[in-house]
Amino acid sequence: MKTSKKLLALFLSLAMLFTLASCGKKDEGGEQKTGLKIAICTSPNTVDDGSFNEDNYNGVLNFIASRGDIDTVTPVQETSGDSSAAVQKATEIVGDYDVLVCTGFQFGGIGTLAKDNPDKKFILVDSFPADADGNEVELENVYAMQFAEQESGFFAGIAAALETQTGKVAVVNGQAFPSNVNYQFGFESGVNYAVKNLGATAEMVELASYAGTDVTGTLVGGNYTGNFGDLEAGKALGNALIKEGCDIIFVAAGDSGNGVFAAAKEAGNVKVIGCDVDQYDGNESIILTSVLKNMAINVERQLNAIVDGTFKGQNIVLHADTDSTGYVSAEGRHQLSEATLKALEEAYPLVKDGTIVPAANFNGVDPDSFK
């Protein structure tokens, strides 16, 4: 009997501790603080890809750090890169989390899932939610952000055209999702702008066997590896472009892009322009600069909005006027000449205020005749 009472007392003590622990933490004033359970869903690459996914993940980590270690995050990877598989992965875990941060065009089909789970919050990066019929929807519990990648691509094009020594430049993308086509068309716009207005001598190299087809079935050209997770495919494409004389390559291809980086390092006389985040570290010998899509700050903003009670579902395209696009100009993080830096500094406010509107996948603007 005594043993049973001791076990019962131990059980009740553990239960009490569990109950207190599960209620969250208290701040210095004694107010109860409740943490968020966050999942970051990626496809096909992991959160440490050194580019797109990692920047989104850093936004979550920055939020957690600012809140004093009361929140948790779990990376959830879908490896195929298939849109239906990505949505299925989100469906399998939605019941276990308060917030799902879904990164990539592959998660655009979460509209029905979000509608069926109105008590959950979704942060969707690089796509707008769609219903089961593929129709775009706007939902109260989904903050969906797309970016004007064409603006950052435009800066990459100017830099490449002004810095090339061979007169041949190129852009390498993963798949022809709208965000990637935006980068491509923006780059083409930037090269054309530099040639027409800044005295540059440069031509863009496109290999017909690597041409891309966008989500509407339209041939967009460019150089596409076919996916974002094939390092060897990226390296093969990089070597093919180098063989054609390209000495500056803008890379927007996830882990496939790391293959292009490898080809550039082996060539020894080729520079690359990084994408999405500052990719200087570990690539110091080849990085000309990196162009930015500032996802981390926007993911962090929306997580804070959830906590503050100001979260508002919407579909929004973010531009330079919210510091969401740009390029790396910090000393020691690039290899741009003073003349190129000056040209970029002069072009940036013109993009920011809409004087310059680079071509994008669906904005009806042509890279050869943009505003």
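This passage describes a six-stranded sheet, the surroundings of one asparagine, and the cysteines of a predicted model.

The sheet is open and its six strands follow the order 9-8-12-13-14-16, with mixed pairing. Its edges are formed by strand 9 (203–204) and strand 16 (325–327), each of which pairs on one side only. At one of these edges, strand 9 pairs with strand 8 (residues 168–173) in the parallel sense over two bridges, and lysine 168 stands opposite glutamate 203 of strand 9. Helix 8 (residues 254–267) lies across strand 8, strand 12 (248–252), strand 13 (271–276) and strand 14 (287–293), and runs at about 160 degrees to strand 12.

Asparagine 361 is located in the segment after helix 10 (338–352). The residue has a relative accessible area of 11% and is therefore classed as buried, the limit being under 20%. Beyond its neighbours within four places in sequence, asparagine 361 is in contact with Pro178, Val181, Asn182, Phe185 and Asp214; with aspartate 214, a polar contact of 3.1 Å joins the two side chains.

A search of the whole structure for disulfides finds zero. Cysteine 41 is in no disulfide, the nearest cysteine sulfur being that of cysteine 102 at 4.3 Å, a separation that does not qualify because the two sulfur atoms would have to lie within 2.5 Å. Cysteine 41 counts as buried, at 0% relative accessibility. Cysteine 275 is likewise in no disulfide, and the nearest cysteine sulfur, that of cysteine 246, is 17 Å away; with a relative accessibility of 2%, cysteine 275 also counts as buried.

How values were computed. Residues numbered from 1 in each chain as written. Predicted model: local features only at pLDDT ≥ 70, side-chain atom pairs only at ≥ 80, totals over all residues. Heavy atoms only, no water. Helix = DSSP H or I, 4+ residues; strand = E, 2+ residues; numbered from the N terminus. Buried < 20%, exposed > 50% of the residue type's maximum accessible area, 1.4 Å probe, protein only. Polar contact = N/O pair within 3.5 Å; in protein donor to acceptor, adjacent residues only side chain to side chain. Contact = heavy atoms within 4.5 Å. Pairing = 2+ DSSP bridges. Axes fitted to C-alpha atoms, helices over the stretch in contact; angles between N-to-C directions.
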